[in-house]
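Here are a few exercises to work through with the model open in your viewer. Try each task before reading its solution.

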Amino acid sequence: MTITKESFVDLQEKYEKVMKLMEDSKSDPENEPFLSKYSARQILIGMKANIENLIRTQSSEGQENLKLLAMLGAVYLYLGMVAIDTEEISTGKKHLEKCKEVVEKYQTKPEMILISLNMYNQFGILWSLREPDKSKFSSINRKSCI
């Protein structure tokens with residue numbers, strides 16, 4: 001089954017809205033410091049459900065499937081970033097681990113390289129918050145993604 005262009009356009013529009021909310025979060029009111037991040041998270045959760053549904057209707061091979069997996073990896077990455085930014089560290093770790101699970105098999109493909117690099121950077125940030133010594137050596141202990 002081929003995915004319609006409208007599905008990709010819808011996901012692109014939602015992604016752009018998430019990016020705008022992430023940027024707007026810098027000017028959230030002091031009494032609601034994570035307002036924009038929480039709004040972005042809600043959109044990302046909806047995107048995740050849409051992408052997972054599209055993946056279920058696809059064959060397991062092909063360029064469209066790889067593109068959908070890259071999108072799903074990016075959604076998990078941003079969910080992890082939002083969770084870390086909103087001080088939900090263990091939730092952020094779970095999302096980053098799910099991102100790694102999605103992209104690991106394809107991390108050297110052009111569609112996945114930036115997601116993989118950003119994911120590893122976020123793991124470094126995560127570990128710098130939890131275990132600073134581990135963050136210094138995490139790049140030595142993981143497989144190279146390039």
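**Exercise 1. Work out whether Glu 111 is buried, partly exposed or exposed, and what it touches.**

Step 1: Glu 111 has a relative accessible area of 28%, so it's partly exposed (buried is under 20%, exposed over 50%, partly exposed in between, with a 1.4 Å probe and protein chains only).

Before going on, some housekeeping: this is a predicted model, where local features need pLDDT of at least 70 and side-chain atom pairs count only at pLDDT 80 or more, while totals for chains, interfaces and linings use all residues. Numbering starts from 1 along each chain as its sequence is written, and side-chain values use heavy atoms, with hydrogens and water left out.

Step 2: Place the residue: Glu 111 sits in the loop between H4 and H5 (helices are DSSP runs of H or I, at least four residues, numbered from the N terminus).

Step 3: List its partners. Skipping residues up to four places away in sequence, Glu 111 touches Gln 63, Leu 66 and Ala 70 (contact means heavy atoms within 4.5 Å).

Step 4: Look for polar pairs. The side chains of Glu 111 and Gln 63 share a polar contact of 2.4 Å (a pair of N or O atoms within 3.5 Å; within protein, one must be able to donate a hydrogen and the other to accept it, and residues adjacent in sequence count only if both atoms are side-chain atoms).

Step 5: Check the backbone too: the C-alpha atoms of Glu 111 and Met 71 are 9.0 Å apart, with their positions 40 residues apart along the chain.

**Exercise 2. Find how the axes of H4 and H5 cross.**

Step 1: The axes of H4 (residues 89-103) and H5 (residues 113-130) come within 10 Å and cross at roughly 150° (axes are lines fitted to C-alpha atoms, for helices over the stretch in contact, and angles run from 0 to 180 degrees between N-to-C directions).

Step 2: That angle makes H4 roughly antiparallel to H5 (the label applies over 145 degrees).

Step 3: Pick out the contacts: among the H4 residues meeting H5 are Leu 96, Cys 99 and Val 103, and the H5 side includes Met 119, Phe 123 and Trp 127.

**Exercise 3. Decide where Thr 86 lies and whether it is buried or exposed.**

Step 1: Thr 86 lies in the loop between H3 (63-85) and H4.

Step 2: Its relative accessibility is 5%, so Thr 86 counts as buried.

Step 3: Beyond its neighbours within four places in sequence, Thr 86 contacts Phe 34, Lys 37 and Tyr 38.

Step 4: A polar atom of the Thr 86 side chain is 3.2 Å from the backbone oxygen of Ala 83.

How values were computed: Helix = DSSP H or I, 4+ residues; strand = E, 2+ residues; numbered from the N terminus. Parallel < 35°, antiparallel > 145°, perpendicular 65-115°, else oblique.
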